[in-house]
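Trainee: Could you take me closely through one part of this model, the helix that comes first in the chain, and show me how its surroundings are built up? I would like a connected account, and please start with any buried position that you find instructive.

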Amino acid sequence: MSSWYASIPSPGPEWQNIPIDLFGWHWRIQTYAIMILIGIVVAVLWTSRRLSKRGGEPGVVLDFTLWAVVLGIIGARLYHVFTHPGDYFGPGSNPWNPFEPGSIWAIWEGGNAIFGSLIGGAVGVAIASKISGVRFWSFADALAPALLLAQSIGRLGNYVNQELFGLPTNLPWGLQIDAGNKAIPVGLPDGTLFQPLFLYEIIWNVIGIVVILLLERKFQLRWGKTFALYLIWYGLGRSYLESIRIDPSEFNILGIPSNVWAAFLAVVLGIVILIVQTRRHPGLEPGVYRPGREWVRPDAEVDSDDTDSDDEVPDEDDGVPAGSSGAKATSPTNG
């Protein structure tokens with residue numbers, strides 16, 4: 001095995017939560033939760049900017065945030081519990097007590113699957129799209145690169161929690177994991193280093209952001225095609241990372257972990273969306289809103305000095321009826 005001086009150290013347990021004393025109350029906030037929150041905030045801000053530049057109402061992204069985040073968290077947890085039942089329903093476990101370690105409700109302990117988050121989040125986006133009138137695919141396209149960035153930030157939480165690591169390795173960037181971690185197989189010698197999957201995914205996602213933005217600009221991708229590229233890119237990366245993960249999902253199909261199948265499905269879904277939407281919508285979107293639900297920017301305020309006074313009634317010879325203005329106010333519409 002590699003020497004420990006030629007490896008990546010993991011943060012100690014003291015980094016996994018931050019103590020806060022407020023008004024006599026003592027709180028310990030999980031670093032993992034903070035990383036997820038930062039990722040969400042960054043994604044919301046970037047998505048809002050991208051959507052507004054395409055004609056979306058400033059702040060409309062908040063209509064999506066509540067639905068997508070809440071349902072995304074629920075989906076992420078349910079998917080993880082479903083694919084790792086042994087962690088929660090084994091002998092001596094108490095999965096239904098929210099105050100006990102190992103509970104299915106204890107999301108602060110880690111264990112949130114990205115594919116479940118995507119499923120739950122997609123349902124949330126569909127609901128918000130129906131409410132706001134913003135096209136589902138328009139929002140998905142605006143979100144795609146921001147989602148990769150948010151996932152990269154969230155992986156730092158996995159690093160702090162010493163989770164999401166791969167098989168043993170002799171590489172000089174092997175990851176140090178504290179002895180006693182429940183994900184380490186029994187029998188491995190002390191000082192074993194592991195593949196830093198969190199780091200691999202961060203690098204893969206950052207490269208993906210650059211690739212997606214370049215392709216989006218070059219081909220003017222709309223109608224869900226940018227999001228399709230996200231599914232393809234992320235699915236390809238995850239299919240490999242899940243295959244070398246030391247704690248894969250407990251469900252296997254044809255000897256392949258279910259998470260790897262989920263990654264393959266993301267790639268296939270992305271390809272299907274790209275082909276179908278390219279054939280159905282070869283041009284640009286007429287706007288990010290569905291017909292009849294368009295948001296119109298409010299008229300600019302008109303200075304009172306520029307308006308006609310009561311003494312300036314136009315003559316009937318001018319072709320303009322008395323009492324009406326000579327120019328019709330217009331509002332710019334979404335492109």
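Mentor: Let us begin with Asn 161, which counts as buried because its relative accessibility is 12%, under the 20% that serves as the cut-off for that word. This is a predicted model, and in it Asn 161 sits in the loop that runs between α4 (136-160) and β3 (175-176). Gln 16 lies 145 residues away from Asn 161 in sequence, yet the two C-alpha atoms are 6.0 Å apart in space.

From there we can turn to the helix you asked about. Helix α1 covers residues 31-53, 23 residues in total, and the distance from its first C-alpha to its last is 33 Å, close to the 33 Å expected at 1.5 Å a residue. After α1 comes Gly 55, which has a positive phi near 110°. The buried residues of α1 are Thr 31, Tyr 32, Met 35, Gly 39, Ala 43, Val 44, Thr 47, Ser 48, Arg 50 and Leu 51. The elements against which these buried residues pack are the strands β1 (17-22) and β2 (25-30) and the helices α2 (61-83), α4, α5 (197-219) and α6 (225-243).

One of those buried residues, Leu 51, is also among the residues with the most contacts inside the largest nonpolar core, a set of 37 residues in which Phe 64, Phe 115, Val 134, Phe 139, Phe 227 and Tyr 230 are listed alongside it. Two or more residues of this core come from each of α1, α2, α3 (114-132), α4, α5, α6 and α7 (258-280), and α4 gives the most, with seven residues. Phe 139 shows how α1 is met here: leaving aside residues up to four places away in sequence, Phe 139 touches Thr 47 and Leu 51, and also Val 61, Phe 64, Val 125 and Val 134. There is also a second, separate core of eleven residues, which includes Phe 165, Leu 175, Ile 177 and Phe 198.

The two strands that α1 packs against bring us to the surface. Ile 18, Ile 20, Leu 22, Phe 23, Trp 25, Trp 27 and Ile 29 make a nonpolar surface patch of about 790 Å², and the elements that give two or more residues to that patch are β1 and β2. Within this group, Leu 22 belongs to strand β1, and Leu 22 is described as partly exposed because its relative accessible area is 44%, a value that falls between the 20% and 50% limits.

How values were computed. Residues numbered from 1 in each chain as written. Predicted model: local features only at pLDDT ≥ 70, side-chain atom pairs only at ≥ 80, totals over all residues. Heavy atoms only, no water. Helix = DSSP H or I, 4+ residues; strand = E, 2+ residues; numbered from the N terminus. Buried < 20%, exposed > 50% of the residue type's maximum accessible area, 1.4 Å probe, protein only. Expected span 1.5 Å × (residues − 1). Contact = heavy atoms within 4.5 Å. Patch = residues over 30% accessible without salt bridge, like charges linked within 9 Å, V, L, I, M, F, W, Y side chains within 5 Å. Areas by Shrake-Rupley, 256 points an atom, 1.4 Å probe, with all protein chains shown as cover. Salt bridge = Lys/Arg side-chain N within 4 Å of Asp/Glu carboxyl O. Core = buried A, V, L, I, M, F, W, Y, C linked by side-chain atoms within 4.5 Å.
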